[in-house]
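Work through the exercises below with the coordinates open. Try each task before reading its solution.

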Amino acid sequence: MTSLRHILAAQSIFAGLSDAELETLTGCARNVRFARDDYLLREGDEATTFYVLREGRVALETHGAPHGQLLIETIEAGDVLGWSWLFPPYRWHFSGRAMEPVFALALDGACLRGKCEADHDLGYELMRRFASVIIERLQTTRVQLLDLYGAPRAVQGGAR
């Protein structure tokens, strides 16, 4: 049987972490499973966990009246789901719904925040890695909004 530490080490977001850092993360991790249409997270709820998908796909959605639920991105195996556990008030900004059965690693946000407070080098390394996830998610959201609302129109005649 493969240990959680080895499973964590195989995830791209944790590539290159030291054995000690991986062991620290393992103390906050567990395997989880979700059935199709289960919610891993719901917009507005408390953000206590983040996920690294091992199998399956998750629809990252937001509510956009009058359109209802809008698909922002499809999260797939190897991707990270959730960064709101890092920032007060620790509330989800999106919803994540399993599009098919999902197997994932769940990492407890409060546990990790505590470990990062105790080990600032680990905290910096995780923040650096999650910053990349955040930037990618924001860029994807921007593209989705342009698709939904169209690109801004060029000003006729140029600036005056």
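**Exercise 1.** Is Gly96 buried or exposed? Find its place in the fold and its surroundings.

Solution. Bear in mind that the model is predicted.
- Step 1: Take the relative accessible area of Gly96, which is 0%. Buried means under 20%, so Gly96 is buried.
- Step 2: Assign the element. Gly96 belongs to strand 7, residues 95–98.
- Step 3: List the contacts, leaving out residues up to four places away in sequence. Gly96 touches Asp38, Tyr39, Leu40, Leu41, Val58 and Ala59.
- Step 4: Check a C-alpha distance. Gly96 and Leu60 are 36 residues apart along the chain, yet their C-alpha atoms are separated by 4.6 Å.

**Exercise 2.** In what order do the four strands of the open sheet run? Describe the pairing.

Solution.
- Step 1: Read the order, which is 2-7-4-5, with antiparallel pairing.
- Step 2: Find the edges. Strand 2 (39–41) and strand 5 (69–76) each pair on one side only.
- Step 3: Get the twist. Ignoring direction, neighbouring strands of this sheet are turned by 30 degrees against each other on average.
- Step 4: Inspect one pair. Strand 4 (residues 57–63) and strand 5 run antiparallel and are joined by seven bridges. Val58 stands opposite Ile75 in strand 5.

**Exercise 3.** Which cysteines form a disulfide? Characterise the link.

Solution.
- Step 1: Apply the cut-off, sulfur atoms within 2.5 Å. The count comes to one disulfide.
- Step 2: Name the pair. Cys28 and Cys111 have their sulfur atoms 2.0 Å apart.
- Step 3: Take the torsion. It is -70 degrees about the S-S bond, and the link of Cys28 and Cys111 is left-handed.
- Step 4: Locate both ends. Cys28 sits in the loop between helix 2 and strand 1 (29–34), and Cys111 in helix 3 (residues 109–118). The two are 83 residues apart, so the pair links distant parts of the chain.
- Step 5: Compare exposure. Cys28 is buried at 6%, whereas Cys111 is partly exposed at 23%.
- Step 6: Test Cys116. The nearest cysteine sulfur, that of Cys28, is 8.3 Å away, and Cys116 is in no disulfide. Cys116 is buried, at 14% relative accessibility.

**Exercise 4.** Where is Gln11 found? Trace what its side chain reaches.

Solution.
- Step 1: Locate Gln11 in the loop between helix 1 (4–9) and helix 2 (19–26).
- Step 2: Check exposure. The relative accessible area of Gln11 is 10%, so this loop residue is buried.
- Step 3: Follow the side chain of Gln11 to the backbone oxygen of Ile7, at 3.0 Å.
- Step 4: Add the contacts beyond four places in sequence. Gln11 touches Val52, Leu53, Gly78 and Leu105.

How values were computed:
Residues numbered from 1 in each chain as written. Predicted model: local features only at pLDDT ≥ 70, side-chain atom pairs only at ≥ 80, totals over all residues. Heavy atoms only, no water. Buried < 20%, exposed > 50% of the residue type's maximum accessible area, 1.4 Å probe, protein only. Polar contact = N/O pair within 3.5 Å; in protein donor to acceptor, adjacent residues only side chain to side chain. Contact = heavy atoms within 4.5 Å. Pairing = 2+ DSSP bridges. Axes fitted to C-alpha atoms, helices over the stretch in contact; angles between N-to-C directions.
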